[in-house]
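Please open the model in a viewer and display it as a cartoon with side chains available for selection. The tour proceeds by successive selections.

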Amino acid sequence: MRSSTIWTTAYDTKNLVMEYHTMHNRRLRQVDLKKIDFSKPQTLVRMPLDQKKEQDIEIVTPKM
C-alpha cells in the first residue's frame with residue numbers, strides 16, 4: 001500500500017503522555033513521558049510499535 005498510514009500519534013502536552021496506534025492494531029497504546037528520565041545520557045532504545053501484528057476482538061453480542 002503506497003498511501004497507507006502506518007501509525008498515528010497524539011501528544012498530551014499538559015500531562016506529558018504520547019498515545020499511538022498502528023495499522024496492524026488499532027488499540028491505543030500510551031507512553032507516560034513523566035516516567036522517562038531524559039536528563040541521563042542513555043543509549044538509544046528501540047522497540048517495536050506492535051508486539052504482534054494483530055488485534056484482539058472483543059465479543060459484544062448481547063445475551064438473550
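In what sense do β2 and β3 pair, and over how many bridges? In this predicted model, the pairing of β2 with β3 is antiparallel and extends over four bridges. To follow the chain from one strand to the other, select the six residues of the hairpin that joins β2 to β3. Next, display Glu19 and look across to β3, where Gln30 stands opposite.

Now select residues 17-22, which make up strand β2. Five of these six residues are buried, so strand β2 is largely enclosed by the rest of the structure.

Add residues 7-12, strand β1, to the selection. Strands β1 and β2 also pair in the antiparallel sense, here over six bridges. One position to inspect is Tyr11, whose bridge partner in β2 is Met18. The two strands form a hairpin with four residues between them. Within that turn, centre on Leu16, where phi is positive, at about 55 degrees.

Finally, move to Asp50, located in the segment after β3 (29-32). Is Asp50 buried or exposed? Its relative accessible area is 11%, below the 20% limit, and Asp50 is therefore buried. Show the surroundings of Asp50: apart from neighbours within four places in sequence, the residues in contact with Asp50 are Thr22, His24, Asn25 and Arg29. For Arg29, display both side chains, since a polar contact of 3.2 Å links the side chain of Asp50 to that of Arg29.

How values were computed:
Residues are numbered from 1 along each chain as its sequence is written. This is a predicted model: local features need pLDDT of at least 70, side-chain atom pairs count only at pLDDT 80 or more; totals for chains, interfaces and linings use all residues. Side-chain values use heavy atoms; hydrogens and water are left out. Buried means under 20% relative accessible area, exposed over 50%, partly exposed in between (1.4 Å probe, protein chains only). A polar contact is a pair of N or O atoms within 3.5 Å; within protein, one must be able to donate a hydrogen and the other to accept it, and residues adjacent in sequence count only if both atoms are side-chain atoms. Contact means heavy atoms within 4.5 Å. Two strands pair if DSSP finds at least two bridges between them.
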